[in-house]
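These are my notebook entries on strands, pockets and salt bridges. I looked up each topic in turn.

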Amino acid sequence: MILDILRRSLDKYKDYRIAEADGYQVFMPRVPQPQYHFTNHRNAFAAAFLFNPAHPTSLLYKKTREEYELQGALFTAPKNATKEQLSERIPLSVARWHEHVNLCMPAKGTAAQKVNWKQFGLNGSIAAQDACTQAGGRWIPQVFGWMVQVYPFETDPGK
């Protein structure tokens, strides 16, 4: 049921320009990423209170030569959500909810192009508050709350 609703609602977003027109904004477009998140902040706010499979928090795109190719969607839940509450949204038996913890971000105002992303960010090597402080970064114990990625167009169940 969730996949059926999501597939129908995502169909129009195969053109990323329509997603942008509907309020989805690309997160860190100048930083090379394996997958780009186009986030709708209105949907993110609403997700703190209720789950709507037709309105994902973010759309997941792979960058091609000229454009973006839709791959899936990301749903969010509040940081303090229980396992039961997460499972009510998308069952834990079929989905892997996750959170981003122990994050060291560069100092505010640092240009993205000047950041050593091997150290900082979601995939950075710094995972302790002391090391983050020594590197001049900002320590974030948990960012964004709970998340789950759904790939409704994937045909290989192993993926």
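Entry 1, terms. I began with the names: helices and strands are DSSP runs, numbered from the N terminus, and a strand such as β6 has at least two residues. I also noted that this is a predicted model.

Entry 2, the largest pocket. Which element gives the most to the lining of the largest pocket? I found that β6 does, with five residues. The pocket holds about 900 Å³ of space. I recorded 31 lining residues, and those nearest the centre are F27, Q33, H37, L122 and F144. The elements that give two or more residues to this lining are β1 (25-26), β2 (36-39), α3 (41-47), β4, β5 and β6. By type, I listed 17 nonpolar residues, 14 polar and no charged.

Entry 3, the pairing of β6. I then looked up the partners of this strand. Strand β4 (residues 68-77) pairs with β6 (residues 138-150) in the antiparallel sense, over five bridges. One of the bridge partners I noted is V150 in β6, which is matched with A73. Strand β5 (residues 98-105) also runs antiparallel to β6, and six bridges join them. Here I noted C104, whose bridge partner in β6 is W139.

Entry 4, the second largest pocket. I recorded a volume of about 470 Å³ for this pocket. Its lining has 16 residues, and L3, V94, Q149, V150 and Y151 lie nearest the centre. Both α1 (2-10) and β6 supply at least two residues of the lining, and α1 gives the most, with three. I listed ten nonpolar residues, one polar and five charged.

Entry 5, salt bridges. How many salt bridges does the count come to? I found five. In one of them, the side chains of D4 and R7 meet at 3.6 Å, N to O. These two residues are three apart in helix α1, and therefore about one helical turn separates them. I noted D4 as partly exposed at 41% relative accessible area, and R7 as partly exposed at 32%.

D11 forms a salt bridge with K14, with the closest N and O atoms 3.4 Å apart. For K12 and D22, which also form a salt bridge, the closest N and O atoms are 3.2 Å apart. K12 lies in the loop between α1 and α2 (16-21) and D22 in the loop between α2 and β1, so this pair ties together parts ten residues apart in sequence. Last, I noted that D15, R17 and E67 are joined into one network by salt bridges that share partners.

Note on methods:
Residues are numbered from 1 along each chain as its sequence is written. This is a predicted model: local features need pLDDT of at least 70, side-chain atom pairs count only at pLDDT 80 or more; totals for chains, interfaces and linings use all residues. Side-chain values use heavy atoms; hydrogens and water are left out. Two strands pair if DSSP finds at least two bridges between them. Helices (H or I, at least four residues) and strands (E, at least two) are DSSP runs, numbered from the N terminus. On a 1 Å grid over the protein atoms alone, a cavity is a set of points where a 1.4 Å probe fits but cannot get out, and a pocket is an open set with protein on both sides within 12 Å along at least five of seven lines; lining residues have an atom within 4 Å of a point. Grid points are joined across faces, edges and corners, and a volume is the space filled by probe spheres set on the points. Ala, Val, Leu, Ile, Met, Phe, Trp, Tyr, Cys and Pro count as nonpolar, Asp, Glu, Lys and Arg as charged, and the others, Gly among them, as polar. A salt bridge is a side-chain nitrogen of Lys or Arg within 4 Å of a carboxyl oxygen of Asp or Glu. Buried means under 20% relative accessible area, exposed over 50%, partly exposed in between (1.4 Å probe, protein chains only).
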